[in-house]
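These are my notebook entries from a session of looking things up, written in the order in which I went through them.

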Amino acid sequence: MPLRPKHVLNSLKNLSLRNLLLIAFAGQLLGVVSLVGYLSLRNSQQTVETLAVQIRQELTSRIERELQSYFETPHEINRLNAAAFSRGELDITNAQFGEAQIYQQMKISPNVAFAYCGSSRRGEFFGVLRLPEDGSLQLSYSNRANKFLRDYFSLDVAGLRTFRLPQSTKPYDARQRPWYRAAVSAQGPAWTDVYIAFTTGLPNVTASLPVYDRTGQQLIGVCATDVVLPEEFRNFLSSLKIGNRGQAFVLDRNGNLIANSNDEPLMVGEGDQVRSLQVMESQDPLVQGAGIYLQNTFGDFARISRPQRRSFQLNGERQFIDVVPFSDGFGLDWLIVAVVPKVDFMGQIYANTRTTLLLALAGLLVAIALAILAARSLTRPVSEVCQAAEGIAEGNLEQRVTPAPIREMRRLARTFNSMAQQLQSSFQDLRIAEEKYRSIYENALEGIFQSSQEGHFISVNPAMAQLYGYSSPANMVTSIENIAKQIYVDPEGRDTFTRLLDETGEVKDFEYRSYRQDGSIIWVEENTRAVRDNTGEILYFEGIVKDITERKLREIELQRQLKELQIEIDETQKAQDVAKITESSYFQELQSEINQIDVDNFWG
């Protein structure tokens with residue numbers, strides 16, 4: 001009899017936690033193992049291609065960055081020498097000074113083979129070259145004084161000439177050289193094609209820059225820098241990990257190899273017949289195959305104008321190939337190519353797939369066994385913990401859990417019981433403390449407040465709001481934006497209060513006049529202290545304010561009465577003094593004599 005969905009649902013509802021855990025663990029692991037195995041096999045091809053794309057993209061990006069850095073230095077040297085040339089710091093015409101400056105540039109740029117300048121006047125030449133044998137530097141120049149036969153001088157550690165070396169036998173006119181003409185033609189920075197250097201016999205490429213006078217109108221010469229190819233850059237390519245048999249190389253638009261990651265010579269022929277090796281002539285099957293594929297696909301290397309990511313078959317094996325055009329904006333126009341056999345990736349992928357499947361199966365068996373044990377051991381204590389947690393969530397803080405035989409579960413039970421007890425105690429203490437504080441805060445007769453350093457209230461109690469005539473604490477907090485201006489009547493009182501608070505951290509029994517909301521003035525007495533954090537920084541201020549208006553008015557009235565009494569006492573004292581004088585016998589005798597005097601006769 002087939003099972004109906006309703007029967008299945010009822011069976012699931014009646015499952016015990018132990019059986020449910022076992023089914024869940026085993027079922028999930030079995031599903032995961034099956035899915036991982038299937039996806040691992042199905043997606044291996046996609047994984048290989050994705051990994052190959054990332055590796056090739058990273059390779060070409062690194063090569064492009066290295067090329068950019070490698071070929072920026074010559075232009076920087078040209079700019080320095082051109083500036084020195086135009087300022088007269090390099091004596092190109094007479095070769096009397098200037099070699100020390102170029103010498104220092106060569107010392108810090110080991111990939112530079114020759115740095116020099118040529119004059120437009122008569123084709124004078126002046127520069128410093130690096131010998132390929134030992135890397136030592138020499139001065140070389142030609143001018144009218146040596147009949148344009150290039151002289152050579154060895155240089156000391158300061159870049160100054162020491163002794164003269166053999167002179168060349170052929171006249172040298174800088175204006176006739178390709179590097180000179182390239183700069184003049186471009187009227188700016190330019191590169192030459194790859195050529196064999198006159199002095200070293202090695203393949204070079206030259207960056208050149210025209211030099212103008214200070215007006216910027218008159219051409220006075222050209223400065224140039226030779227870079228030897230491909231030794232320095234080949235070392236970089238060789239250091240790259242390109243699979244097991246992968247290759248990376250650089251070629252120009254004519255198909256000439258500029259650099260390669262293997263040790264194959266890139267120049268063929270001898271003497272005047274020396275030329276660059278074509279990519280299709282390479283003895284490396286992978287390099288040659290890549291060149292033939294690109295030639296057949298695009299017809300001409302010059303037609304590759306954007307990055308290409310492709311694959312081709314070579315000797316029955318699939319090869320991944322990336323092609324990235326490289327240009328520095330000054331005339332270099334090359335192609336960066338990375339070729340990696342697919343088998344270099346597939347071997348590792350297959351091995352990883354097998355390892356993954358074996359590990360997954362082993363893990364499945366172990367996990368099922370552990371699931372059975374865990375299901376048996378976790379059912380009871382987990383159920384008790386859940387029930388106790390639900391009780392606590394409902395507000396019953398007296399819940400406790402019975403310790404289980406498993407050590408971790410015993411620790412869990414003890415921790416849970418301790419937490420429940422502490423939580424119960426903490427809730428009780430917190431409730432009592434909160435009730436006490438709330439009662440004191442809400443029912444206090446004095447105003448209680450907290451204020452910020454910026455001068456506004458954070459909180460006030462009802463007595464504080466009533467004291468200042470506000471309808472509620474919230475109304476007072478939102479209404480007072482500047483305590484100094486909205487509360488204090490006398491600004492100097494606020495200044496004194498702030499100074500005392502800064503000096504001592506608290507102010508006691510400070511009396512001042514204060515505005516209420518309706519603009520009336522009352523007298524208040526304030527006690528305030530600064531509340532600080534663990535580092536001593538002030539968090540806020542808290543204090544108590546009480547209304548002392550009646551007392552202050554009584555004091556003022558008492559002072560007035562005392563002043564009036566003092567005046568009255570002074571008047572009484574004066575009257576008493578007069579009475580004493582008039583009642584004295586002397587005053588009486590004197591008045592008697594005055595009465596006996598005939599005034600008319602006296603003045604007559």
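Before the first entry I fix one cut-off: a residue counts as buried when its relative accessible area is under 20%, as exposed when it is over 50%, and as partly exposed in between. I also note that what I have open is a predicted model.

**Entry: Leu314**

I began with Leu314, which lies in strand β14, residues 308–314. Its relative accessible area is 19%, and because the limit for buried is under 20%, Leu314 is buried. Leaving aside residues up to four places away in sequence, I found Leu314 touching Pro285, Leu286, Gly289 and Gln319. I also looked up the pair Leu314 and Pro341, which stand 27 residues apart along the chain, and their C-alpha atoms are separated by 9.0 Å.

**Entry: the whole chain**

I then stepped back to the overall numbers. The protein has 17 helices and 21 strands, and of its 604 residues 37% count as buried. The area it exposes is about 35,500 Å², of which carbon and sulfur atoms supply 53%. Taking the contacts between residues at least 6 apart in sequence, I noted that 51% join residues at least 24 apart.

**Entry: helix α6**

Which residues of helix α6 are buried? For this helix, residues 178–186, I wrote down Trp179, Tyr180 and Ala183. They lie on the same side of α6, because the arc they cover around the axis is only 105°. Pro178 and Ser185, on the other side of α6, are exposed. When I asked what covers the buried residues of α6, the elements I found include β1 (112–119), β2 (125–130), β6 (190–191), β8 (203–212) and β9 (219–228).

**Entry: Val205, in one of the covering strands**

Since β8 is among the elements that cover the buried residues of α6, I looked up Val205, which is found in that strand, β8. Val205 is buried, with a relative accessible area of 0%. Not counting residues up to four places away in sequence, Val205 touches a list of residues that includes Phe71, Trp191, Tyr195, Val227, Leu229 and Leu332. Thr225 is another of the residues in contact with Val205; the two are 20 residues apart in sequence, and C-alpha to C-alpha they are 8.5 Å apart in space.

**Entry: two positive phi values**

Gln187 follows α6 and lies in the loop between α6 and β6. I noted for Gln187 a positive phi of about 55°, although it is not a glycine. Is Gln187 buried or exposed? With 63% relative accessibility, Gln187 counts as exposed.

Ala95 also went into this entry, as a residue other than glycine with a positive phi, near 55°. Ala95 lies in the loop between α4 (73–87) and α5 (99–107), and with a relative accessible area of 1% it is buried.

**Entry: two buried polar residues**

I next looked up Asp322, which lies in strand β15, residues 317–327. Asp322 is buried, with a relative accessible area of 2%, and a polar contact of 3.4 Å joins its side chain to that of Arg309. Beyond residues up to four places away in sequence, Asp322 touches Arg56, Gln57, Thr60, Gln308, Arg309, Ile336, Val337 and Ala338.

Ser452 lies in the loop between β17 (447–451) and β18 (457–460), and at 10% relative accessibility it counts as buried. The side chain of Ser452 makes a polar contact of 3.2 Å with the side chain of Glu454. Setting aside residues up to four places away in sequence, Ser452 touches Ile458 and Phe541.

**Entry: a nonpolar patch**

I ended at the surface, where Leu558, Leu562, Leu565 and Ile569 form a nonpolar patch with about 360 Å² of accessible area together. Of these I looked up Leu558 on its own, and it lies in helix α15, residues 549–583. Why can Leu558 belong to such a patch? Leu558 has a relative accessible area of 47%, which makes it partly exposed, and it passes the accessibility cut-off because patch residues need over 30%.

How values were computed
Residues are numbered from 1 along each chain as its sequence is written. This is a predicted model: local features need pLDDT of at least 70, side-chain atom pairs count only at pLDDT 80 or more; totals for chains, interfaces and linings use all residues. Side-chain values use heavy atoms; hydrogens and water are left out. Patches are made of residues with over 30% relative accessible area and no salt bridge: like charges are joined within 9 Å, nonpolar side chains (Val, Leu, Ile, Met, Phe, Trp, Tyr) within 5 Å. Accessible areas come from the Shrake-Rupley method with a 1.4 Å probe; for residues, only the protein chains shown count as cover. A salt bridge is a side-chain nitrogen of Lys or Arg within 4 Å of a carboxyl oxygen of Asp or Glu. Helices (H or I, at least four residues) and strands (E, at least two) are DSSP runs, numbered from the N terminus. Buried means under 20% relative accessible area, exposed over 50%, partly exposed in between (1.4 Å probe, protein chains only). Contact means heavy atoms within 4.5 Å. The arc is that of the directions from the helix axis to the C-beta atoms. A polar contact is a pair of N or O atoms within 3.5 Å; within protein, one must be able to donate a hydrogen and the other to accept it, and residues adjacent in sequence count only if both atoms are side-chain atoms.
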